[in-house]
Amino acid sequence: MTTNVEPDTTADDAPIDIQLSAGAATPTHAVAAGQGVAAGPAQPELGPPIFQLRDLGVWYGKNEAVRGVTMDIPKNAITAIIGPSGCGKSTTLRCLNRMNDLVPGARVTGEVMFGGEDLLSSDVDPVDLRGRIGMVFQKPNPFPKSIRDNIEFGMKVNGIKPTAELVEQALVDAALWDEVKDRLKDEAFSLSGGQQQRLCIARAIAVEPEVILMDEPCSALDPIATLAIEDLMRNIAERFTLVVVTHNMQQAARISDQVAFMTVDGTAEGERCGVLAEVGTAREIFSAPKDPRTEAYITGRVG
């Protein structure tokens, strides 16, 4: 059963100002309940897909957590996955590098095409896959080692010989080098929360993955550290594909090229299940959403 939220045009509806990312080549627009937004400059076309999700579903035991997700994720772009709590955003993200394999009782159905093969196939080695598709988690999780050792660890695991130049490059890419270049032997835990998260991003970058997944990477950070991470995302999107789960719609508008909105649907058994309501460019989703559930969420009437 799908519950659609009908537009409400009461006088209490206040527009939400959404600043789209510079990459979207779009000015600030106000998304108001029950109304569209005048068209502005066209958003650049997205590139070819690096992921193709087809009828993706996830089960935890007998509980259906995600149902029927079908979408393409473009290469060398930032795709943001937004939606209310419990709609399956992180669960969907973890399908992209087989992290759900580590959850007892989890079962994934459908297809996730990556590099011409279904990465859900038993022929795909999930360990090798995670070398090509890195992940940054909600809370910074540096290893209890030095800053240098954190960067070198991933290289060694992936068969890359660590060098001072490679360590420096990873930290430069993560906009952290100038802050830590004189203290590489210090413990990673001596860094601030924002610095630790950038160190984790540097650790992921160091092995030169094709994709970096980010599960609410700024939720535990202050506004200044958050903006530093967002700037970093835009900079590295020229070399890597980023897929980012976020609760923060303003952040999704600032950083993303494509946005996928997930919401909660009912099941025949009366349970809640995550579904994909709509996917489009950031401009399309925040300026002129097609699905009334998307409009209701981004205007703050539900969420």
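When I say that two residues touch, I mean that they have heavy atoms within 4.5 Å of each other. Hi everyone, and please keep in mind that the model we are looking at is a predicted one.

Let's use that idea of touching straight away, on Thr79. You can find Thr79 in strand S5. Leaving aside residues up to four places away in sequence, Thr79 touches Met71, Ile73, Pro74, Leu242, Val243, Val244 and Gln258. Is Thr79 buried or exposed? Buried means under 20% relative accessible area, and Thr79 has 0%, so it counts as buried.

Now let's move to helix H7. This helix runs over residues 223-236, which makes 14 residues. At 1.5 Å a residue, H7 should span 20 Å, and its end C-alpha atoms are indeed 20 Å apart, so the two agree. Just at the start of H7, a side-chain oxygen of Asp222 comes to within 3.0 Å of the backbone nitrogen of Ile224.

Which residues of H7 are buried? They are Ala225, Thr226, Ile229, Glu230, Leu232, Met233 and Ile236. Because these buried residues cover an arc of only 160° around the axis, they sit on the same side of H7. On the face turned away from that buried side, you will find the exposed residues Pro223, Ile224, Asp231 and Asn235. And what covers the buried residues? Several elements do, including strand S5, helix H4, helix H6, strand S9, strand S10 and helix H8.

That brings us to the nonpolar cores. In soluble globular proteins, nonpolar side chains tend to be buried together. Here, the largest nonpolar core has 35 residues, and those with the most contacts inside it are Ile151, Leu171, Met214, Met233 and Ile236. Helices H3, H4, H5, H6 and H7, along with strands S9 and S10, each give two or more residues to this core. Have a look at Met214: again setting aside residues up to four places away in sequence, Met214 touches Leu93, Val136, Ile201, Met233, Ile236, Leu242, Val243, Val244 and Val245. There is also a second, separate core of 30 residues, and among its members are Cys87, Leu93, Ile133 and Leu276.

Last stop, the salt bridges. How many are there? The count comes to 12 salt bridges, and I'll show you a few.

In one of them, the side chains of Asp265 and Arg67 meet at 3.5 Å, N to O. Asp265 belongs to strand S11 and Arg67 to strand S4, so this pair ties together parts that are 198 residues apart in sequence. Asp265 is buried, at 7% relative accessible area, while Arg67 is partly exposed, at 27%. Glu64 joins in as well: Glu64, Arg67 and Asp265 are linked in a network of salt bridges.

Another salt bridge takes us back to H7, where Glu230 meets Arg254 at 2.8 Å, N to O. This pair links Arg254 in helix H8 with Glu230 in helix H7, 24 residues apart. Arg254 is partly exposed, at 29% relative accessible area, and Glu230, at 4%, counts as buried.

Here is one more from H7: Arg234 forms a salt bridge with Asp257, with the closest N and O atoms 3.5 Å apart. Arg234 lies in H7 and Asp257 in the loop between H8 and S11, so the pair ties together parts that are 23 residues apart in sequence. Arg234 is partly exposed, at 24% relative accessibility, and Asp257 is buried, at 9%.

Thanks for listening!

Note on methods: Residues are numbered from 1 along each chain as its sequence is written. This is a predicted model: local features need pLDDT of at least 70, side-chain atom pairs count only at pLDDT 80 or more; totals for chains, interfaces and linings use all residues. Side-chain values use heavy atoms; hydrogens and water are left out. Helices (H or I, at least four residues) and strands (E, at least two) are DSSP runs, numbered from the N terminus. The expected span of a helix is 1.5 Å times one less than its number of residues. Buried means under 20% relative accessible area, exposed over 50%, partly exposed in between (1.4 Å probe, protein chains only). The arc is that of the directions from the helix axis to the C-beta atoms. A polar contact is a pair of N or O atoms within 3.5 Å; within protein, one must be able to donate a hydrogen and the other to accept it, and residues adjacent in sequence count only if both atoms are side-chain atoms. A salt bridge is a side-chain nitrogen of Lys or Arg within 4 Å of a carboxyl oxygen of Asp or Glu. A nonpolar core is a set of buried Ala, Val, Leu, Ile, Met, Phe, Trp, Tyr and Cys residues joined through side-chain atoms within 4.5 Å.
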